[in-house]
Amino acid sequence: MTVHLLIDSPVGPLRLTSDGTHLTGLYFAEHRHAPQDLGEQVDARVAPAVLLDAQEQLGDYFAGTRTDFDLPLQAAGSVFQRRVWEQLASIPYGRTWSYGELARAIGQPGAARAVGLANGRNPISVVVPCHRVIATGGAITGYGGGVQRKQALLDLERRVAGAALF
């Protein structure tokens, strides 16, 4: 049974979903490809431990003290989509890749458009960093939660990563 927890963040409310064991989704209040049914909304007092862990780790991420996540994930998608989502995790914090670079990284250099579509369907935003994928020329293009949120996440990571260099 899927349940969800609503939390606040600097980029607006987030809905975290779980099957009880895994984080299965992270959606913004306005999210292009969010499922209609996120399951029963639960209070933090009765939420599965994975949702509380995700809430804590996201708090650390937004505070600039966490650059990666350690959560059990279970994303529903096609084999191709899951390959793309797994590769997203290898994009370094504070860096960006183009859709073409991501396509080459999964061994399908001609599949940049398909990679872009899979990237846009990522159900576990932020934790699986689809926001780190941009157009070849550097343009900030589509994002399930809106390009303003994508820009805010990239700005946060660049600030934190830049500060770590000094």
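Four aromatic pairs are counted in this predicted model, where rings of Phe, Tyr and Trp (its six-membered ring) pair if their centres lie within 6.5 Å, and planes under 30 degrees apart count as stacked, over 60 as edge-to-face and the rest as tilted. One of them joins Y61 and F62 in an edge-to-face arrangement, at 5.2 Å centre to centre and 75° between the planes. Y61 also pairs with F69; this pair is tilted, with 5.5 Å centre to centre and 40° between the planes. Y61, F62, F69 and Y93 belong to one aromatic cluster. The relative accessible area of Y61 is 0% and that of F62 is 16%; both residues are therefore buried (under 20% relative accessible area; 1.4 Å probe, protein chains only).

The largest nonpolar core (buried Ala, Val, Leu, Ile, Met, Phe, Trp, Tyr and Cys residues joined through side-chain atoms within 4.5 Å) contains 42 residues. At least two core residues each come from β1 (3-7), β2 (14-18), β3 (23-28), α1 (49-63), α2 (79-88), α3 (99-105), α4 (112-120) and α5 (147-164), with helices (H or I, at least four residues) and strands (E, at least two) taken as DSSP runs numbered from the N terminus. The largest share, six residues, is supplied by α1.

L23, L58 and V126 have the most contacts inside the core. Neighbours within four places in sequence aside, V126 is in contact (heavy atoms within 4.5 Å) with L26, F28, L58, Y61, F69, H131, Y143 and L153.

Residues are numbered from 1 along each chain as its sequence is written, and side-chain values use heavy atoms, without hydrogens and water. Local features need pLDDT of at least 70 and side-chain atom pairs count only at pLDDT 80 or more, whereas totals for chains, interfaces and linings use all residues.

Technical notes. Buried < 20%, exposed > 50% of the residue type's maximum accessible area, 1.4 Å probe, protein only.
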